[in-house]
Amino acid sequence: MPSPEETVRGLYERLLERWNERDARGMAGLFAIEGNLVGFDGSSVNGRMPIEDHLGPIFRDHPTPRFVAKVREIRCLAPKVMLLRAAAAMVAPGAGDINPALNAIQSLVAVRRDGNWQVQLFQNTPAAFHGRMAEAEALSEELRSAAKAVVGD
């Protein structure tokens with residue numbers, strides 16, 4: 001039986017896979033009924049169905065880049081509550097490299113209900129590092145390495 005940490009990592013990986021597949025229903029289905037999504041632009045969406053309704057036009061009308069990510073931490077906050085923190089980059093369709101302007105720090109809070117882990121909160125925050133170019137460049141290099149493993153050279 002997988003540990004809660006392994007299960008929550010898998011939940012996060014499925015969330016990113018659904019984004020990469022442009023699957024609004026599948027991505028929203030990973031959220032708790034009252035789950036929350038905070039997007040890169042600051043959009044805040046509350047509830048599984050509103051999340052699906054929010055993502056549908058994005059996937060339909062825009063060639064969304066693919067996520068690649070590195071999990072930084074997974075820890076227990078309470079017996080049925082886990083926090084996952086990650087750094088993520090995006091690779092545009094047909095591109096072989098990340099777009100550093102889209103680097104993000106992601107947080108996922110997962111809750112266990114009725115034997116299943118669900119996303120309670122997913123927040124995708126720009127990794128702007130205002131005035132700290134060395135940190136921004138270091139993150140880009142780290143994520144570029146992760147992207148090469150996924151999209152190839």
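**Strand pairing and nonpolar cores**

In this predicted model, Ile105 stands opposite Thr125 in β6. This pair is a handy place to start looking at the sheet. The strands β5 and β6 run antiparallel and are joined by ten bridges. Together β5 and β6 make a hairpin, with two residues between the strands. Within that turn, Asp114 has a positive phi of about 50 degrees.

Strand β6 also pairs with β1, this time in the parallel sense and over four bridges. Here Leu37 has Phe122 in β6 as its bridge partner. A general point helps when following side chains along these strands: in a regular strand, they alternate between the two faces of the sheet.

Phe122 appears again in the nonpolar interior. The largest nonpolar core has 28 residues, and those touching the most other members are Val8, Tyr12, Leu15, Leu55, Leu108, Val119 and Phe122. Two or more residues of this core come from each of the helices α1 (4-20), α2 (24-28) and α3 (48-61), and likewise from each of the strands β1 (31-38), β3 (66-78), β4 (81-91), β5 (104-113) and β6 (116-126). The largest share belongs to α1, which gives six residues.

Val8 offers a good view of how this core is put together. Leaving aside residues up to four places away in sequence, Val8 touches Ile74, Met82, Leu84, Leu108, Ala110 and Trp117. A second core, separate from the one just described, holds eleven residues, among them Ala89, Ile98, Ala127 and Phe129.

Methods: Residues are numbered from 1 along each chain as its sequence is written. This is a predicted model: local features need pLDDT of at least 70, side-chain atom pairs count only at pLDDT 80 or more; totals for chains, interfaces and linings use all residues. Side-chain values use heavy atoms; hydrogens and water are left out. A nonpolar core is a set of buried Ala, Val, Leu, Ile, Met, Phe, Trp, Tyr and Cys residues joined through side-chain atoms within 4.5 Å. Buried means under 20% relative accessible area, exposed over 50%, partly exposed in between (1.4 Å probe, protein chains only). Contact means heavy atoms within 4.5 Å. Two strands pair if DSSP finds at least two bridges between them.
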